[in-house]
Structure formats: C-alpha cells, structure tokens
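Q: Please take a close look at a single part of this model and describe it in one connected account. I would like the cut-offs stated as you go.

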Amino acid sequence: MNFSDVVSSNTVGATAVLLVGHKCAVTAIRAQNLTAADAYLQLFDAAAAADVVVGTTVARWWVQSDANDPSVGDGLPNGGLMFQNGVVVASTTTATNNTGANQHVRLGIQ
C-alpha cells in the first residue's frame, strides 16, 4: 500500500510558491478559499518558484474553489498527476491570470 506525504503552505496568493522541489505525483489537493469570490489554485510543473511567471506560465493543472468555501477537493485524475520537476503553486482570481486570491493549500504527494 502506498501512502502520501502532505506538503502545505498557508495564504498562497499571486506569488509563486515552491511546495515540492523534485519529481512527484500529486495524489490529493485541499484548498481553503479565504476570499469572498471564486479562487483558482494553479499548479505548475517547475523545480523553483523563479521558473514560474504567474499569469504567463501555463499551469499544468488548476482547481477552482468557490467563494468562502471551507474546503475544496482536488478533481485529480485517478492515481494522481505526475510532476516531472516539482510543484509550484499560486492562487488567483481566474485559472490563468496573476491577480491574487488567498487560499490555504495542502497537497498529498508520493
């Protein structure tokens, strides 16, 4: 049986944040939307936060969180999603822009 480790960051916004600096599979995502509007957690396949320009770099995956939602699940494919370089995250008001929308983030990784 495989188990996931948990990595986290509180108050993720428009600034790219490195959560995992190596190849991994993301097996679960939990995000707590701290805003009064929908928010989008963007996940980038990158080894460093400096490798991502939020609003320009295309996210490998994103998850929408409804306004004031206490917690949102992941919508990941069965078995998770492989990130070859690492996982950098940002939270924004759309799936592709760079306007911050704060969320607390937890990822299950293997």
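A: A residue counts as buried under 20% relative accessible area, as exposed over 50%, and as partly exposed in between (1.4 Å probe, protein chains only). The model is predicted, so that local features need pLDDT of at least 70 and side-chain atom pairs count only at pLDDT 80 or more, while totals for chains, interfaces and linings use all residues. Residues are numbered from 1 along each chain as its sequence is written, and side-chain values use heavy atoms, without hydrogens and water.

The part chosen here is an open sheet of 4 strands (DSSP E runs of at least two residues, numbered from the N terminus), arranged in the order S1-S8-S3-S6 with antiparallel pairing, where pairing requires at least two DSSP bridges between two strands. S1 and S6 are the edge strands, each of which pairs on one side only. S3 and S8 are joined in the antiparallel sense over 7 bridges, and Ile29 stands opposite Leu107 in S8.

On edge strand S1 (residues 5–12) lies Thr11, which is partly exposed at 45% relative accessibility. Thr11 has a positive phi of about 55° although it is not a glycine. Most residues other than glycine have a negative phi.

In S8 (residues 103–109) sits Gln103, a residue that is buried with a relative accessible area of 0%. Its side chain makes polar contacts (N or O atoms within 3.5 Å, one able to donate a hydrogen and the other to accept it; residues adjacent in sequence count only if both atoms are side-chain atoms) with two serine side chains, that of Ser65 at 2.7 Å and that of Ser91 at 2.9 Å.

Ile29 and Leu107 also belong to the largest nonpolar core, which has 18 residues and in which these two, together with Val26, Leu43, Val87 and Val89, touch the most other members; such a core is a set of buried Ala, Val, Leu, Ile, Met, Phe, Trp, Tyr and Cys residues joined through side-chain atoms within 4.5 Å. S1, S2 (17–20), S3 (24–33), S4 (39–45), S6 (81–83), S7 (87–92) and S8 each supply at least two residues of this core. Another core, of 8 residues, lies apart from it and has Ala16, Phe44, Ala59 and Val88 among its members. Not counting residues up to four places away in sequence, Val87 touches (heavy atoms within 4.5 Å) residues that include Val17, Leu19, Val26, Leu43 and Leu107.
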